[in-house]
Amino acid sequence: MEPGMRIHLPVSVAESDIKKRYETIPTATLHPNKDEIEYLRRLVIYRDSAILVLNKPPKVPMKGHLPVHNSMDVLAAAALSYGSEEGPKLVHRLDRESSGLILMGRTKESFTRLHWLLTSVNLARTSSQTWNKACEAYAQKYWALVIGTPKEREGVISAPISKVLLDDGKAERVILAHPSGIDGAQEAITEYRVMGPTINGCSWIELQPLTGRKHQLRVHCAEALGTPIVGDYKYGWFVHQTWKQNPQPDFEPFTGEPYKLRRPEGLEIQKGSVLSKVPLLHLHCREMVIPNIAKFLSSTGGWHENGTPWAKEKPNLLRFVAPMPPHMKISWNIMSSYLV
């Protein structure tokens with residue numbers, strides 16, 4: 001820093017800290033017990049010789065550190081080896097509060113190549129046209145419930161983001177980078193599509209990140225679109241306060257009649273849904289399309305540019321869809337009558 005330099009910060013940086021309300025699944029050891037092993041294996045929706053795909057529940061941290069032992073990477077490495085000498089490794093991460101598909105590499109080769117792919121398609125390219133075409137089809141799509149509705153029904157958000165340190169460097173926050181240029185700004189691009197009308201002041205949208213920055217989707221929704229994700233108190237605390245205090249009437253898209261969100265009879269509203277006082281984060285990695293990397297790897301881990309001879313009949317692409325967590329399912333069922 002030099003005298004006279006300007007620092008641009010959004011008003012949201014001044015927001016007060018939100019007390020942590022939810023805890024992770026209980027454990028006090030780096031070695032998962034029998035119940036934890038069974039719990040993690042129930043999360044696995046796909047497994048082959050090269051990868052594991054899990055449907056992560058909310059509130060489970062991805063990366064462990066000294067006070068956090070029950071993180072996904074530590075537990076998975078111990079519980080999901082399935083007899084292999086080396087446990088699986090996380091190819092990418094989700095926020096602690098979010099849910100959905102996570103990809104793990106079971107071998108060094110599969111982990112490395114998939115990590116390249118998620119970093120940049122160009123980085124993952126080889127001399128194989130079959131592999132390159134499969135890489136170009138890679139996609140990751142999220143569903144989110146946001147407060148308000150974007151001005152445009154669909155579009156591309158191209159807004160670089162930066163990190164700022166708070167509380168004497170003890171915490172950090174991601175913000176949109178100022179046009180004048182802030183050191184450390186990273187390119188961030190997200191495609192989005194509104195999936196239906198605004199009901200109870202909220203809209204369901206589909207998000208497809210084209211870059212993989214920390215908190216990219218949350219910041220793009222809150223600061224670029226002006227529609228923070230329901231349950232995102234870090235980037236949308238003030239909007240949540242206004243939304244809960246001043247509910248706005250909505251209108252049925254076909255009749256134009258006022259529409260009031262009704263609590264279904266006999267349905268116990270789980271803590272965390274859109275009707276609760278403190279909703280959980282409504283951000284879910286629902287769909288993923290990746291190359292079938294097991295088709296290109298031999299049993300010894302060797303790489304075959306055009307696929308192994310015994311795997312010619314296997315598909316070049318794999319597609320996964322993960323069901324939403326309970327709190328989002330309830331919100332979906334209540335608010336999806338007019339989705340298009």
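Colleague: How many helices and strands does the secondary structure of the protein come to?

Modeller: In this predicted model, the secondary structure consists of eight helices and 14 strands. Of the protein's 340 residues, 48% count as buried.

Colleague: What makes the contact between E86 and K89 a salt bridge?

Modeller: Let's set the value against the cut-off. The side chains of E86 and K89 meet at 3.4 Å, N to O. A salt bridge needs a side-chain nitrogen of Lys or Arg within 4 Å of a carboxyl oxygen of Asp or Glu, so this pair qualifies. By this rule the count comes to eight salt bridges.

Colleague: Why is E86 called partly exposed?

Modeller: Its relative accessible area is 42%. Partly exposed covers the range between under 20%, which is buried, and over 50%, which is exposed, so E86 belongs in that middle class. K89 is partly exposed too, because its relative accessibility is 40%.

Colleague: Let's move to R218. What makes D95 and R218 a salt bridge?

Modeller: Their side chains meet at 3.1 Å, N to O, and the cut-off is 4 Å, so the pair counts. This pair links distant parts of the chain: D95 sits in the loop between β3 (89–90) and β4 (99–105), R218 sits in helix α6 (residues 216–224), and they are 123 residues apart. Both D95 and R218 are buried.

Colleague: How do you know that E97 and R218 meet in a salt bridge?

Modeller: The N to O distance is 3.9 Å, which is still within 4 Å, so the rule is met. E97 lies in the loop between β3 and β4 and R218 in helix α6, so this pair ties together parts that are 121 residues apart in sequence. E97 is partly exposed, with a relative accessible area of 33%.

Colleague: Why is R218 called buried?

Modeller: The relative accessible area of R218 is 6%, and buried means under 20%, so the word fits. Salt bridges that share partners also join D95, E97, R218 and D232 into one network.

Colleague: And the rings? How many aromatic pairs does a search of the whole structure find?

Modeller: The search finds five aromatic pairs. One of them is Y46 with F320, whose ring centres are 5.0 Å apart and whose planes meet at 50°. Stacked needs under 30 degrees and edge-to-face over 60, so this pair is tilted. The two rings come from distant parts of the chain, with Y46 in strand β1 (residues 44–47) and F320 in strand β14 (residues 317–321), 274 residues apart. Y46 is partly exposed at 23% relative accessibility, whereas F320 is buried at 7%.

Colleague: What makes the pair of W143 and W332 stacked?

Modeller: The angle between their planes is 15°, with 4.9 Å centre to centre. Stacked needs under 30 degrees, so the name follows. W143 is in strand β5 (residues 139–147) and W332 is in helix α8 (residues 326–335), 189 residues apart. Ring pairs also link W143, W204 and W332 into a cluster.

Colleague: How do you know that W143 is buried?

Modeller: W143 has a relative accessible area of 12%; buried means under 20%, so W143 counts as buried. The charged end of R286 sits over the ring of W143, 4.0 Å from its centre.

Colleague: Which ring does R47 lie over?

Modeller: R47 lies over the face of Y82, at 3.9 Å from the ring centre.

Terms used:
Residues numbered from 1 in each chain as written. Predicted model: local features only at pLDDT ≥ 70, side-chain atom pairs only at ≥ 80, totals over all residues. Heavy atoms only, no water. Buried < 20%, exposed > 50% of the residue type's maximum accessible area, 1.4 Å probe, protein only. Helix = DSSP H or I, 4+ residues; strand = E, 2+ residues; numbered from the N terminus. Phe/Tyr/Trp six-rings, centres within 6.5 Å; stacked < 30°, edge-to-face > 60°. Lys NZ or Arg CZ within 6 Å of the ring centre and 35° of its normal.
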